[in-house]
Amino acid sequence: MPIQLQIIAIFLAIGFLLLTIFLIRKDHAEVRQMNKWLFLSVIMIFGALFPSLGTKIAHSFGITTLTSLALFTVTAFLLFIALTSSIALINTQRQIKTLTQQLSLLKHEMNKLKKEKQ
């Protein structure tokens with residue numbers, strides 16, 4: 001990897017790490033949701049600092065370039081995040097539906113009690 005590209009990769013990886021930490025500190029995101037991104041930023045920094053290690057890992061898997069390995073890895077990582085986010089959304093929708101039904105039942109019971117008192 002050319003040194004210019006390595007320097008750009010290091011700056012981008014550190015910038016991504018700082019952005020992630022900034023979002024957590026400003027309370028725009030929770031640590032439990034951002035831990036995936038923190039992990040990814042550390043991997044990016046490590047990969048930018050030691051590109052020859054990444055190339056050796058790529059060759060050990062039979063992949064010719066580090067770029068291809070990075071592309072495959074990031075795609076798999078993003079698919080995993082999309083899947084876990086979808087599951088979390090489905091669970092939240094179920095909880096909202098259950099809470100809405102319980103609230104409706106409580107309102108019905110309150111109206112019923114009010115009518116009995118009158």
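Threonine 64 is exposed in this predicted model, because its relative accessible area of 61% is over the 50% that the term requires. Threonine 64 belongs to the loop between α3 and α4. Helix α3 covers residues 51–60, and helix α4 covers residues 66–117. Along the chain, threonine 64 is 16 residues apart from phenylalanine 80, and their C-alpha atoms are separated by 24 Å.

Phenylalanine 80 itself is placed in helix α4. Its relative accessibility of 46% makes phenylalanine 80 partly exposed, since that value falls between the limits of 20% for buried and 50% for exposed. A second distance from this residue leads back to leucine 49: the two C-alpha atoms are separated by 26 Å, with their positions 31 residues apart along the chain.

Leucine 49 introduces the nonpolar surface of the model. Together with Phe46, Phe50, Leu53, Ile57 and Phe61, Leu49 forms a nonpolar patch on the surface. The accessible area of these residues together is about 580 Å². Helices α2 and α3 each supply at least two residues of this patch. Helix α2 spans residues 31–49, and phenylalanine 46 lies in it.

Two members of the patch also interact through their rings. Phenylalanine 46 and phenylalanine 50 form an aromatic pair with a distance of 5.1 Å centre to centre. The angle between the planes is 55°, and the pair is tilted; it is not classed as edge-to-face because that term requires planes over 60 degrees apart. Phenylalanine 46 is partly exposed, with a relative accessible area of 44%. Phenylalanine 50 is likewise partly exposed, at 43%. Both values are over the 30% that a patch residue must have, so the two phenylalanines can belong to the patch as well as to the ring pair.

The count of aromatic pairs in the model comes to three. One of them joins tryptophan 37 and phenylalanine 77, whose ring centres are 6.0 Å apart. The planes of these two rings stand at 85°, so the pair is edge-to-face. Tryptophan 37 lies in helix α2 and phenylalanine 77 in helix α4, so this pair ties together parts that are 40 residues apart in sequence. Tryptophan 37 counts as partly exposed at 23% relative accessibility, whereas phenylalanine 77 is buried, with a relative accessible area of 18%. The two residues receive these descriptions because the limit for buried is under 20%, and their values lie on either side of it. Ring pairs also bring in Phe16, which is linked with Trp37 and Phe77 into a cluster.

Phenylalanine 77 has a further relation to helix α2, through lysine 36. Lysine 36 lies in helix α2 and is partly exposed, with a relative accessible area of 21%. Between lysine 36 and phenylalanine 77 the C-alpha to C-alpha distance is 9.2 Å, although the residues are 41 apart in sequence.

Attention now turns to open space in the model. The largest pocket holds about 900 Å³ of space. Its lining consists of 26 residues, and Ile43, Met44, Gly47, Leu66 and Ala70 are those nearest the centre of the pocket. Helices α1, α2, α3 and α4 are the elements that give two or more residues to this lining.

The charged contacts come next. Side chains of opposite charge can pair when their charged atoms come close. The structure holds one salt bridge, in which the side chains of glutamate 30 and arginine 32 meet at 2.9 Å, N to O. This contact qualifies because the distance is within the 4 Å allowed between the nitrogen and the carboxyl oxygen. Glutamate 30 is partly exposed, with a relative accessible area of 43%, and arginine 32 is exposed, at 58%.

A last point concerns the backbone at aspartate 27. Aspartate 27 is found in the loop between α1, residues 3–25, and α2. Its phi is positive, at about 65°, although aspartate 27 is not a glycine. With 67% relative accessibility, aspartate 27 counts as exposed.

Terms used. Residues numbered from 1 in each chain as written. Predicted model: local features only at pLDDT ≥ 70, side-chain atom pairs only at ≥ 80, totals over all residues. Heavy atoms only, no water. Helix = DSSP H or I, 4+ residues; strand = E, 2+ residues; numbered from the N terminus. Buried < 20%, exposed > 50% of the residue type's maximum accessible area, 1.4 Å probe, protein only. Phe/Tyr/Trp six-rings, centres within 6.5 Å; stacked < 30°, edge-to-face > 60°. Patch = residues over 30% accessible without salt bridge, like charges linked within 9 Å, V, L, I, M, F, W, Y side chains within 5 Å. Areas by Shrake-Rupley, 256 points an atom, 1.4 Å probe, with all protein chains shown as cover. 1 Å grid on protein atoms, 1.4 Å probe; cavity = no way out; pocket = protein on both sides within 12 Å on 5 of 7 lines; lining within 4 Å. Points joined across faces, edges and corners; volume = space filled by probe spheres on them.
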